[in-house]
Amino acid sequence: MKLVRRPLVWMHRFRHRKGYGVHSPFAYSFIRGVLLETGTYYAYADLRRLHPWWQRCLITYPLQCRRMLFRVANAAQPRSMAILGDRPTEQAYMSAAVPAASWTGDGGADLVFVALERLAEAPRLLSHLPTGATLICEGINESKADRALWNDVKAHTRTTITFDLYTYGIALLDRDLTPANYIVNF
């Protein structure tokens, strides 16, 4: 079902591709230079071994998503990271981006990835994150309950900028930026 839904979602979000309609210089450069970057990074060749050949050739979307996580971690350069949920491949990608970052078990890190099975913790987690942190939520459009949780994250008082990538949601907690919500065709 997801293979059928993905092209339909892409066509529905067509007008939000490549940063069209984004007037903030910071948000535009984040969308074009981090989220939608197509260049090759230094760790892609090593991380490629984590995926079987059929996944690299036939089902490329998970690889694109994990590379996006790598780029977000590389752009944020956090001192500490946390993953809520069991995601060893995502942890490998994020570790490759910032090898000096420490891993914490709780959500009080500078960069937190919340897996789909732990998405209910995301709104409560925002009060524990430090200023300048980045929260990445997986599966924000899987069900109506997940969409409601993502809307709670967007409406939280500490959330400044959010990026809705349909599968992932990225929330930035930076007081210096103007609050905004962006839809990105990823």
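Q: What are α2 and α5 to each other: oblique or roughly parallel?
A: In this predicted model, α2 and α5 are oblique to each other. The angle class follows from the crossing of the axes: those of helix α2 (residues 25-35) and helix α5 (residues 61-76) cross at roughly 125 degrees and come within 9 Å. Angles from 65 to 115 degrees would count as roughly perpendicular and those over 145 as roughly antiparallel, so the value for this pair is left in the oblique class.

Q: Which residues of α2 and α5 make the contact?
A: From α2 the contact draws on Phe30, Val34 and Leu35, while α5 contributes Met68, Arg71, Val72 and Ala75. Sorted by chemical character, the residues of this contact comprise 6 nonpolar and 1 charged, with no polar residue. Phe30 also belongs to an aromatic cluster, which it forms with Phe26, Phe163 and Tyr182.

Q: How many aromatic pairs does a search of the whole structure find?
A: The search returns 4 aromatic pairs. To read one of them, take both the distance between ring centres and the angle between ring planes: for Phe113 and Tyr168 the centres are 6.3 Å apart and the planes stand at 45 degrees, so this pair is tilted. Planes under 30 degrees apart would count as stacked and those over 60 as edge-to-face, which is why an angle between these limits is given the third name.

Q: Where do Phe113 and Tyr168 lie, and what does the pair tie together?
A: Phe113 lies in strand β3 (residues 111-114) and Tyr168 in strand β6 (residues 168-172), so the pair ties together parts that are 55 residues apart in sequence. Burial is read from relative accessible area, with under 20% counting as buried; Phe113, at 0%, is buried, and Tyr168, at 4%, is buried too.

Q: Is Glu90 to be read as buried or exposed?
A: Glu90, which is placed in helix α6 (residues 88-97), has a relative accessibility of 5% and therefore counts as buried. Once its neighbours within four places in sequence are set aside, Glu90 is in contact with Arg66, Leu69, Ile83 and Phe113; the last of these is the residue of β3 that pairs with Tyr168.

Q: How many disulfides does the structure hold?
A: A disulfide is a covalent bond between the sulfur atoms of two cysteines. The structure holds 0 disulfides. As for individual cysteines, Cys65 is buried, with a relative accessible area of 3%, and Cys137 is likewise buried, with a value of 0%.

Methods: Residues numbered from 1 in each chain as written. Predicted model: local features only at pLDDT ≥ 70, side-chain atom pairs only at ≥ 80, totals over all residues. Heavy atoms only, no water. Helix = DSSP H or I, 4+ residues; strand = E, 2+ residues; numbered from the N terminus. Buried < 20%, exposed > 50% of the residue type's maximum accessible area, 1.4 Å probe, protein only. Contact = heavy atoms within 4.5 Å. Phe/Tyr/Trp six-rings, centres within 6.5 Å; stacked < 30°, edge-to-face > 60°. Axes fitted to C-alpha atoms, helices over the stretch in contact; angles between N-to-C directions. Parallel < 35°, antiparallel > 145°, perpendicular 65-115°, else oblique. Nonpolar A, V, L, I, M, F, W, Y, C, P; charged D, E, K, R; others polar. Disulfide = S-S within 2.5 Å.
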